[in-house]
Amino acid sequence: MQDKGQLKNYLDKKVALYNQPSFIEKDPVSVPHLFTKKQDIEIAGLFAAILAWGNRTTIINNSRKLMSLMDNHPHEFILRHKETDLKRFLHFAHRTFNTTDLLYFISFLQYHYRHSETLEDAFVPSMHYKHETVEQALIHFQHYFFSIEHPLRTRKHISTPERHSACKRLNMYLRWMVRKDRNGVDFGIWTKIKPSQLICPLDVHVARVAERLGLIGNTKSNWSNALQLTASLREMNPKDPAAYDYALFSIGASERL
């Protein structure tokens, strides 16, 4: 499948197959889909993305549990909660994400939303984002996220290209917030970043598929390969390369290449 025309046709068909409302139910994106208020979608989406490693059913269940602990009004809870309300989170954990991490996330989000109407500003504080990719937005977010006093252990939960991470979960989150089409899986509620600037989420599973398709040269899940993969996908769809995330993820998860 080395011919680019054939490869594009193959991947376009997979995108059309998987970029459908039926995709939502069994994917972490189902968690922000519980909400309609912009800030609730942003907060639910961030937590669902950060918790998105391991079994998908467990990811979704724990993310929904977290939203329930916030009375299913996360933005209101973030802004209005009292110190005593935080006791309900003392036994929450998902893999290595524990209470200490969660309480800092809540603290940061409260700090941010007291100064801003949208979490988009945490990635792009200026009016417009002019870089070729979201690399600088991810770097800015990681610096800003830890700009207030924080536990050192929590730093591992917010990746950054500066450490050569593929930033899979944050790139997935940005895809949710930025991409917009008629299929309704992604939200498209952020406008400073264009879909053409998104980086395709890359993990070990997607890397294996991408390497077999000749889109990257090896199966390493790092920032360099995330850039290379996106550059290859941009040749097929310059305006929306991250759309192929549906195809690559789903091929790796449910099909034999």
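This text walks through two pockets of a predicted model and one serine beside them. Local features need pLDDT of at least 70 and side-chain atom pairs 80 or more, while totals for chains, interfaces and linings use all residues. Residues are numbered from 1 along each chain as its sequence is written, and side-chain values use heavy atoms, without hydrogens and water.

Start with the largest pocket. Its space is about 440 Å³. A pocket is an open set of points on a 1 Å grid over the protein atoms alone, where a 1.4 Å probe fits, with protein on both sides within 12 Å along at least five of seven lines; lining residues have an atom within 4 Å of a point. The volume is the space filled by probe spheres set on the points, which are joined across faces, edges and corners.

Twenty-two residues line the largest pocket, and Arg 56, Lys 168, Asp 203, His 205 and Phe 249 are the closest to its centre. Helices H3 (56-69), H8 (168-178), H9 (204-212) and H11 (245-254) each give two or more residues. Helices are DSSP runs (H or I, at least four residues), numbered from the N terminus. H11 gives the most, five.

Now the second largest pocket, at about 180 Å³. Its lining includes Tyr 18, Lys 26, Arg 56, Phe 249 and Ser 250. H11 again supplies the largest share, four residues.

Look last at Ser 250, in helix H11. Ser 250 is buried (under 20% relative accessible area, 1.4 Å probe, protein chains only), at 5%. A polar atom of its side chain lies 2.8 Å from the backbone oxygen of Tyr 246.

Technical notes:
Buried < 20%, exposed > 50% of the residue type's maximum accessible area, 1.4 Å probe, protein only. Polar contact = N/O pair within 3.5 Å; in protein donor to acceptor, adjacent residues only side chain to side chain.
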